[in-house]
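User: I should like to learn how to read burial, salt bridges and pockets from a model. Could you take me through each in turn?

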Amino acid sequence: MATRFKSVIALLAAVAVVATAACAGDPASNIDATIEAGIAATMVGVAIEKGVKATMAPSLAKEHFNRGFTYGELGEHEKAIQEYDKAIQIDPDDAMTYTSRGGAYGNLGHHEAALQDFDKAIELDPTLADAHLTLGKREYMRGKQHRSNRLLRVASEHFQDAVDADPTHINAH
């Protein structure tokens with residue numbers, strides 16, 4: 001990471017030299033060069049900012065995911081959800097984050113929100129056994145609670161989907 005920032009600083013220094021050279025002398029007589037140098041410097045700055053964000057975003061999303069996971073392990077599910085929300089804002093296509101947030105919602109008794117997250121996770125990655133397993137467990141518990149054979153069948157389908165998604169998953173059998 002430090003090397004990347006050194007490169008950014010070197011590039012900015014080069015842009016400053018070019019802009020200074022274009023502006024040398026009487027700026028009024030060389031206004032076109034001054035404007036072009038300013039536009040070029042702005043475009044370089046925007047490109048650098050996008051590049052830095054793009055390289056930092058995955059690690060930042062992972063950091064929020066890890067914090068959410070840790071809060072969940074500590075039983076602080078509301079804080080976990082806040083961290084998962086931040087991770088999803090950065091990387092809205094990470095199915096595992098939706099699965100984990102769904103688990104946190106479920107632990108708080110927010111079953112609809114949990115089911116929405118599990119569905120989203122499966123939509124993003126139909127092969128994610130963890131999402132199928134967790135959804136199956138939730139539906140199984142609801143089926144037992146409400147004595148609903150329909151929910152128990154749905155749970156069974158999710159358990160089978162988990163096995164189909166990852167036959168080697170230790171909890172899928």
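User: Is Asp85 buried or exposed, or does it count as partly exposed?

Analyst: One compares the relative accessible area with two cut-offs: under 20% is buried, over 50% exposed, and the range in between partly exposed. In this predicted model, Asp85 has 28% relative accessibility and therefore counts as partly exposed.

User: With which residue does Asp85 form a salt bridge?

Analyst: The general test is a side-chain nitrogen of Lys or Arg within 4 Å of a carboxyl oxygen of Asp or Glu. Here the partner of Asp85 is Arg101, and their closest N and O atoms are 2.6 Å apart. This pair connects distant parts of the chain, since Asp85 belongs to helix α3 and Arg101 to helix α4, 16 residues apart. Arg101 is buried, at a relative accessible area of 12%. A network of salt bridges links Asp85, Arg101 and Asp117.

User: How many salt bridges are there by this rule, and which residue pairs with Glu63?

Analyst: The count is 7 salt bridges. Glu63 pairs with Arg67, with 2.6 Å between the closest N and O atoms. Both residues lie in helix α2, where a spacing of 4 residues separates them by about one helical turn. Glu63 is partly exposed, with a relative accessible area of 36%, and Arg67 is likewise partly exposed, at 39%.

User: What is the spacing of Lys86 and Glu83 in helix α3?

Analyst: Lys86 and Glu83 are 3 residues apart, about one turn of helix α3. They form a salt bridge whose closest N and O atoms are 3.7 Å apart. The two ends fall into separate classes: Lys86 is partly exposed, with a relative accessible area of 36%, whereas Glu83 is buried, at 8%.

User: Turning to pockets, how much space lies in the largest pocket, and which residues lie nearest its centre?

Analyst: A pocket may be read through its volume, its lining and the elements that supply that lining. The largest pocket holds about 300 Å³ of space. Its lining has 18 residues, and those nearest the centre are Phe69, Tyr84, Ser100, Gly103 and Ala104.

User: Which helix gives the most to the lining of the largest pocket, and how do the lining residues divide by character?

Analyst: Helix α4 gives the most, with 6 residues. At least two lining residues come from each of α2 (31–73), α3 (77–90), α4 (95–107) and α6 (129–146). By character, the lining of the largest pocket comprises 7 nonpolar, 8 polar and 3 charged residues.

Key. Residues numbered from 1 in each chain as written. Predicted model: local features only at pLDDT ≥ 70, side-chain atom pairs only at ≥ 80, totals over all residues. Heavy atoms only, no water. 1 Å grid on protein atoms, 1.4 Å probe; cavity = no way out; pocket = protein on both sides within 12 Å on 5 of 7 lines; lining within 4 Å. Points joined across faces, edges and corners; volume = space filled by probe spheres on them. Nonpolar A, V, L, I, M, F, W, Y, C, P; charged D, E, K, R; others polar. Buried < 20%, exposed > 50% of the residue type's maximum accessible area, 1.4 Å probe, protein only.
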